[in-house]
Amino acid sequence: MDKFYLTEEGERIKKFDYITDSDGETVVVPTKEWKEYKQRKDFEDKLRIQGIRVDSWGLDFDDYIGEDENGNIPKLRMYVDEFEAKFRSIHLYLWSRKNGTQKSTIASIIA
(Lines give C-alpha, C1' and ligand atoms only; values in the text may rest on other atoms or scores of the structure.)
Protein backbone atom coordinates (compact mmCIF):
# COMPACT_ATOMS: atom_id res chain seq x y z
CA MET A 1 0.00 0.00 0.00
CA ASP A 2 1.42 3.37 -1.03
CA LYS A 3 1.77 5.80 1.86
CA PHE A 4 1.69 8.89 -0.40
CA TYR A 5 -0.56 9.93 -3.25
CA LEU A 6 0.69 12.11 -6.12
CA THR A 7 -2.06 14.50 -7.31
CA GLU A 8 -2.54 15.69 -10.88
CA GLU A 9 -0.90 18.95 -9.80
CA GLY A 10 2.19 17.07 -8.60
CA GLU A 11 1.47 17.51 -4.89
CA ARG A 12 2.35 14.62 -2.57
CA ILE A 13 -0.34 13.86 -0.01
CA LYS A 14 0.31 11.52 2.88
CA LYS A 15 -2.54 9.01 2.88
CA PHE A 16 -2.21 7.33 6.26
CA ASP A 17 -0.32 7.04 9.52
CA TYR A 18 0.43 4.10 11.76
CA ILE A 19 -0.90 4.53 15.30
CA THR A 20 -0.49 2.19 18.24
CA ASP A 21 -3.75 1.85 20.18
CA SER A 22 -4.17 1.20 23.91
CA ASP A 23 -3.91 -2.59 23.39
CA GLY A 24 -0.53 -2.20 21.75
CA GLU A 25 -1.88 -2.98 18.28
CA THR A 26 -0.67 -0.92 15.37
CA VAL A 27 -3.51 0.38 13.21
CA VAL A 28 -3.58 2.35 9.99
CA VAL A 29 -5.57 5.60 10.02
CA PRO A 30 -6.13 8.10 7.21
CA THR A 31 -4.47 11.50 7.64
CA LYS A 32 -6.43 14.74 7.90
CA GLU A 33 -4.98 16.04 4.62
CA TRP A 34 -5.98 12.83 2.82
CA LYS A 35 -9.55 13.05 4.16
CA GLU A 36 -9.77 16.71 3.06
CA TYR A 37 -8.35 15.91 -0.38
CA LYS A 38 -10.82 13.04 -0.88
CA GLN A 39 -13.71 15.22 0.30
CA ARG A 40 -12.73 17.98 -2.16
CA LYS A 41 -12.41 15.47 -5.02
CA ASP A 42 -15.78 13.90 -4.18
CA PHE A 43 -17.34 17.38 -4.22
CA GLU A 44 -15.75 18.16 -7.58
CA ASP A 45 -17.13 14.90 -8.97
CA LYS A 46 -20.63 15.86 -7.80
CA LEU A 47 -20.27 19.24 -9.52
CA ARG A 48 -19.24 17.51 -12.76
CA ILE A 49 -22.19 15.09 -12.56
CA GLN A 50 -24.55 18.06 -12.22
CA GLY A 51 -22.96 19.75 -15.23
CA ILE A 52 -21.34 22.54 -13.20
CA ARG A 53 -17.83 23.35 -14.31
CA VAL A 54 -15.41 22.80 -11.44
CA ASP A 55 -13.35 25.83 -12.42
CA SER A 56 -16.46 28.02 -12.05
CA TRP A 57 -17.00 27.09 -8.41
CA GLY A 58 -15.06 30.03 -6.98
CA LEU A 59 -16.56 32.63 -9.30
CA ASP A 60 -18.08 35.81 -7.96
CA PHE A 61 -20.29 38.51 -9.46
CA ASP A 62 -17.13 40.55 -10.07
CA ASP A 63 -16.07 37.83 -12.54
CA TYR A 64 -19.16 38.38 -14.75
CA ILE A 65 -17.99 39.61 -18.16
CA GLY A 66 -21.32 40.19 -19.93
CA GLU A 67 -23.16 43.46 -20.31
CA ASP A 68 -25.55 44.27 -17.47
CA GLU A 69 -27.97 46.16 -19.71
CA ASN A 70 -30.93 45.81 -17.34
CA GLY A 71 -28.98 46.53 -14.13
CA ASN A 72 -29.54 43.03 -12.78
CA ILE A 73 -26.12 42.42 -11.20
CA PRO A 74 -26.73 44.63 -8.11
CA LYS A 75 -30.15 42.98 -7.66
CA LEU A 76 -28.62 39.51 -7.94
CA ARG A 77 -25.84 40.41 -5.51
CA MET A 78 -28.41 41.63 -2.94
CA TYR A 79 -30.53 38.49 -3.54
CA VAL A 80 -27.57 36.20 -2.85
CA ASP A 81 -26.33 38.24 0.15
CA GLU A 82 -29.76 38.11 1.81
CA PHE A 83 -30.65 34.61 0.62
CA GLU A 84 -30.06 32.69 3.85
CA ALA A 85 -32.04 35.08 6.04
CA LYS A 86 -34.99 35.28 3.63
CA PHE A 87 -35.21 31.69 2.42
CA ARG A 88 -33.92 29.58 5.31
CA SER A 89 -37.07 27.43 5.40
CA ILE A 90 -38.58 28.16 1.98
CA HIS A 91 -38.24 26.15 -1.23
CA LEU A 92 -37.03 28.23 -4.14
CA TYR A 93 -38.28 28.28 -7.71
CA LEU A 94 -36.71 30.68 -10.23
CA TRP A 95 -39.03 31.75 -13.03
CA SER A 96 -39.18 34.52 -15.60
CA ARG A 97 -41.18 35.29 -18.72
CA LYS A 98 -38.01 36.46 -20.48
CA ASN A 99 -34.71 34.81 -21.33
CA GLY A 100 -31.44 36.34 -20.15
CA THR A 101 -32.54 37.16 -16.61
CA GLN A 102 -29.58 35.26 -15.08
CA LYS A 103 -31.66 32.45 -13.53
CA SER A 104 -29.01 29.84 -14.33
CA THR A 105 -26.24 32.12 -13.06
CA ILE A 106 -27.93 32.67 -9.70
CA ALA A 107 -28.82 28.97 -9.41
CA SER A 108 -25.21 27.88 -9.99
CA ILE A 109 -23.96 30.37 -7.38
CA ILE A 110 -26.56 29.25 -4.82
CA ALA A 111 -25.95 25.56 -5.49
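Okay, so let's start with Y18, which sits opposite V28 in strand β4. Just along from there, I19 has V27 of β4 as its bridge partner. Keep in mind that what we're looking at is a predicted model.

Those pairs belong to a bigger pattern. Strand β3 covers residues 16-20, strand β4 covers residues 26-30, and five bridges join them. The two strands run antiparallel, and together they make a hairpin with five residues in between. If you look at the turn, find G24: its phi is positive, about 90 degrees.

Now let's zoom out. How many helices and strands does the protein chain have? Four of each: four helices and four strands. Going along the sequence, the order is β-β-β-β-α-α-α-α, with the strands ahead of the helices. The radius of gyration is 21 Å, while the globule rule gives 13 Å for 111 residues, so the chain is more spread out than a compact globule. You can also picture a box around the C-alpha atoms, along the principal axes: roughly 65 × 35 × 20 Å.

Last stop, the helices. Take α2, residues 72-81, and α4, residues 103-110: their axes come within 11 Å and cross at roughly 30 degrees. Angles under 35 degrees count as roughly parallel, so α2 is roughly parallel to α4. The crossing itself is right-handed.

And which residues of α2 and α4 make the contact? From α2 we have L76, Y79 and V80, and from α4 we have I106, I109 and I110. Sort the contact of α2 with α4 by class and you get six nonpolar residues, no polar ones and no charged ones.

So, to recap: a β3 and β4 hairpin, and α2 passing α4 in a right-handed crossing. That's me done, thanks!

Conventions: Residues are numbered from 1 along each chain as its sequence is written. This is a predicted model: local features need pLDDT of at least 70, side-chain atom pairs count only at pLDDT 80 or more; totals for chains, interfaces and linings use all residues. Side-chain values use heavy atoms; hydrogens and water are left out. Axes are lines fitted to C-alpha atoms, for helices over the stretch in contact, and angles run from 0 to 180 degrees between N-to-C directions. Angles under 35 degrees count as roughly parallel, over 145 as roughly antiparallel, 65 to 115 as roughly perpendicular and the rest as oblique. A crossing is left-handed if the near helix is turned anticlockwise from the far one by less than a right angle, and right-handed if clockwise. Contact means heavy atoms within 4.5 Å. Ala, Val, Leu, Ile, Met, Phe, Trp, Tyr, Cys and Pro count as nonpolar, Asp, Glu, Lys and Arg as charged, and the others, Gly among them, as polar. Two strands pair if DSSP finds at least two bridges between them. The radius of gyration is taken over C-alpha atoms; the globule rule is 2.2 Å times the number of residues to the power 0.38.
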